[in-house]
Amino acid sequence: MPLPIPPRLIPLVAAALAGGISPAGGVASRGQAPSQALPAVRVAQDRDGLFRLTIAANGTAVRFVVDTGANVVVLTPQDARRIGAHPLADTGQRLRTAVGDSAMAEARIEELVIAGRRLGPVRAVIAPGAPSSLLGQNVLGQIESVTLRGDRLELR
């Protein structure tokens, strides 16, 4: 009999099935040879079931929720101001999230430093209704591996 999946883990399970995250015991390789592997970043699951990670965005520490269901990085207006990410254009587009739709503005993060990698420029959106900044697939897809092992998430 299959075990039910808690709703908070559905995005992670869906990503694992699509090959973006490997379940315990495996690695979703992004093509870098093991001998060149960078140190892993390990993130413990919070009590609410989410994985939060503080990384440097434009040289400023920002706390992100790792969100495999987000296509792009989402910034709160407060985090966008702190890192100097200004709206590029107000297109009137709406951002569809698990908790509903909200207004958004496109932005760019010049540099993110995550799992020993410098990435940038990185596309982002500023969402006034976002409760926290989200680390989306446009960044997670540039990391060698994202592995879920029980209540730990490992980025390499």
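This report walks through a predicted model, from its confidence to its sheets, cores and unusual backbone spots.

## The model and its confidence

Residues are numbered from 1 along each chain as its sequence is written. In this predicted model, local features need pLDDT of at least 70, side-chain atom pairs count only at pLDDT 80 or more, and totals for chains, interfaces and linings use all residues, while side-chain values use heavy atoms and leave out hydrogens and water.

The chain has a mean pLDDT of 78 (the predictor's confidence in each residue, from 0 to 100). Of its residues, 68% reach 70 or more. Residues 1-35 have a pLDDT below 50. Beyond near neighbours in sequence, that stretch has 53 contacts in the model (heavy atoms within 4.5 Å). Where pLDDT is low, the predicted coordinates should not be read in detail.

## A three-stranded sheet

Strands here are DSSP runs (E, at least two residues), numbered from the N terminus. Two strands pair if DSSP finds at least two bridges between them. One open sheet has three strands in the order 1-13-12, paired antiparallel. Strand 1 (41-44) and strand 12 (146-149) are at the edges, each with a single partner strand, so one side of each has no neighbour in the sheet. From one strand to the next, the twist averages 20 degrees (axes are lines fitted to C-alpha atoms, and angles run from 0 to 180 degrees between N-to-C directions).

Strand 12 and strand 13 (residues 152-155) are antiparallel and joined by four bridges. V146 has L155 as its bridge partner, and L148 stands opposite L153. The two strands form a hairpin with two residues between them. In its turn, G150 has a positive phi of about 60 degrees.

## E154, a buried charge

Where does E154 lie? E154 belongs to strand 13. Its relative accessibility is 12%, so E154 counts as buried (under 20% relative accessible area; exposed is over 50%, partly exposed in between, with a 1.4 Å probe and protein chains only). The side chains of E154 and R42 share a polar contact of 3.1 Å. Such a contact is a pair of N or O atoms within 3.5 Å; within protein, one must be able to donate a hydrogen and the other to accept it, and residues adjacent in sequence count only if both atoms are side-chain atoms. Leaving aside neighbours within four places in sequence, E154 also contacts residues including V41, V146 and T147.

## Strand 10 and the cores

Strand 10 (residues 122-126) has four of its five residues buried. Strand 4 (residues 73-75) runs parallel to strand 10, with three bridges between them. There, V74 stands opposite V125. Strand 7 (residues 105-109) pairs with strand 10 in the antiparallel sense over five bridges. R108 has R123 as its bridge partner.

The largest nonpolar core has 30 residues (buried Ala, Val, Leu, Ile, Met, Phe, Trp, Tyr and Cys joined through side-chain atoms within 4.5 Å). Among those with the most contacts inside it are V73, L75 and L155. A second, separate core of eight residues includes V74 and V125.

## Unusual backbone spots

Most residues other than glycine have a negative phi, and most peptide bonds are trans. N58 has a positive phi of about 55 degrees although it is not a glycine. N58 sits in the loop between strand 2 (52-57) and strand 3 (60-66). At 25% relative accessibility, N58 is partly exposed.

A115 also has a positive phi, about 50 degrees. A115 is buried, at 5%. A cis peptide bond links G120 and P121, with omega about -10 degrees. P121 lies in the loop between strand 9 (117-119) and strand 10.
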